[in-house]
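Here are my comments on the model you sent round, set out as numbered points. Please read them with the sequence and the coordinates open beside you.

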Amino acid sequence: MDCLFCKIIAGEIPSTKVYEDDECLAFRDIAPQAPTHILIIPKKHIGGVDEITEENAAVVAHIFTKIPEIARKEGLTDGYRVVSNVGKNGCQSVRHLHFHILGGKQLGDSMV
C-alpha cells in the first residue's frame with residue numbers, strides 16, 4: 001500500500017510525534033493551519049470517515065478519548081477545533097482516516 005500515513009506509522013517517513021499507543025498515532029502537521037495543528041490517525045488503515053463501520057468504530061472512539069488528553073497536554077485550554085475532511089470534494093489530501101486538532105489562537109467563525 002502506498003499510503004503516506006501508513007509509512008509514517010511504519011517509521012519509513014519521519015514525523016514529530018506528540019502521542020502514540022497501540023491503536024493510534026498523533027503528530028504535528030508539516031503545513032500547520034494554526035499555531036497548534038496535530039493530526040491523529042488510527043494505526044490500522046481506514047480510508048476516511050466514509051469507511052467507518054461497526055467493525056472498526058472502536059478505534060475511532062478510542063481516538064476521540066485521546067483528543068482531549070492531547071489538547072490539554074498542548075495547552076489548548078480555551079478551546080480547539082477537530083476536523084476530518086472526506087473525499088475529493090471535502091479536500092481529503094491523504095486517503096487515511098485522520099482528524100486535525102487545531103488551536104492555539106482564536107479560530108475563525110466560518111468553517112469553509
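How many aromatic pairs does the structure hold? The structure holds two aromatic pairs, and I take them up in the first two points; please keep in mind throughout that this is a predicted model.

1. The first pair. Phe5 and Phe27 form an edge-to-face pair, with 5.7 Å from centre to centre and 75° between the planes. The pair links distant parts of the chain, since Phe5 belongs to helix H1 (residues 4-9) and Phe27 to strand E2, 22 residues apart. Phe5 and Phe27 are both buried.

2. The second pair. Phe64 and Phe99 are likewise edge-to-face, at 5.0 Å centre to centre and with 80° between the planes. Here too distant parts of the chain are linked, with Phe64 in helix H2 and Phe99 in strand E5, 35 residues apart. The two rings should not be described in one phrase as regards burial: Phe64 has a relative accessible area of 39% and is therefore partly exposed, whereas Phe99 has 5% relative accessibility and so counts as buried.

3. The main core. The largest nonpolar core has 16 residues, and those with the most contacts inside it are Ile40, Ile70, Phe99 and Ile101. At least two residues of this core come from each of strand E2 (24-28), strand E3 (36-42), helix H2 (57-73) and strand E5 (99-103). H2 gives the most to this core, with six residues. Apart from this core lies another, of nine residues, among them Cys6, Leu25, Phe27 and Leu39.

4. The surroundings of Phe99. Leaving aside neighbours within four places in sequence, Phe99 is in contact with Ile38, Leu39 and Ile40 on one stretch of the chain, with Val60, Ile63, Phe64 and Ile67 on another, and also with Val82, Val83 and Ser84. Among these partners, Val60, Ile63 and Ile67 are buried residues of H2.

5. Strand E5. Is this strand enclosed or exposed? Five of the five residues of E5 are buried, so the strand is largely enclosed by the rest of the structure. Phe99, Ile101 and Gly103 point one way from E5, while His100 and Leu102 point the other way, and all are buried. E5 runs antiparallel to E3, to which five bridges join it, and E5 also pairs in the antiparallel sense with strand E4 (residues 80-83), over four bridges. Ile101 is a convenient residue to inspect here, as the bridge partner of Ile38 and also of Val82.

6. Helix H2. The helix has 17 residues and reaches 25 Å from its first C-alpha to its last, close to the 24 Å expected at 1.5 Å a residue. Its buried residues are Val59, Val60, His62, Ile63, Lys66, Ile67, Ile70 and Ala71, and these pack against strand E1 (17-20), E2, E3, E4 and E5. As general background, an α-helix has 3.6 residues a turn, so residues three or four places apart point the same way. Arg72 is also found in H2, but at 57% relative accessibility Arg72 counts as exposed, because the cut-off for that term is over 50%. The C-alpha atoms of Arg72 and Gly108 are 21 Å apart in space, for a separation of 36 residues in sequence. H2 is followed by Gly75, whose phi is positive, near 80°.

7. His37. This histidine is found in strand E3 and, at 5% relative accessibility, counts as buried. The side chain of His37 reaches the backbone nitrogen of Gln33 at 2.9 Å. Beyond neighbours within four places in sequence, His37 is in contact with Phe27, Arg28, Asp29, Ala31 and Pro32, and with His100, Ile101 and Leu102; the last three of these are buried residues of E5.

8. Pro35. Which residues does Pro35 contact, leaving aside its neighbours within four places in sequence? They are Gly103, Gly104 and Lys105. Pro35 lies in the loop between E2 and E3 and, at 57% relative accessibility, counts as exposed. The C-alpha atoms of Pro35 and Gly103 are separated by 6.4 Å, although the two residues are 68 residues apart along the chain. In contrast to the exposed Pro35, its contact partner Gly103 is buried.

Note on methods
Residues numbered from 1 in each chain as written. Predicted model: local features only at pLDDT ≥ 70, side-chain atom pairs only at ≥ 80, totals over all residues. Heavy atoms only, no water. Core = buried A, V, L, I, M, F, W, Y, C linked by side-chain atoms within 4.5 Å. Buried < 20%, exposed > 50% of the residue type's maximum accessible area, 1.4 Å probe, protein only. Contact = heavy atoms within 4.5 Å. Pairing = 2+ DSSP bridges. Polar contact = N/O pair within 3.5 Å; in protein donor to acceptor, adjacent residues only side chain to side chain. Expected span 1.5 Å × (residues − 1). Phe/Tyr/Trp six-rings, centres within 6.5 Å; stacked < 30°, edge-to-face > 60°.
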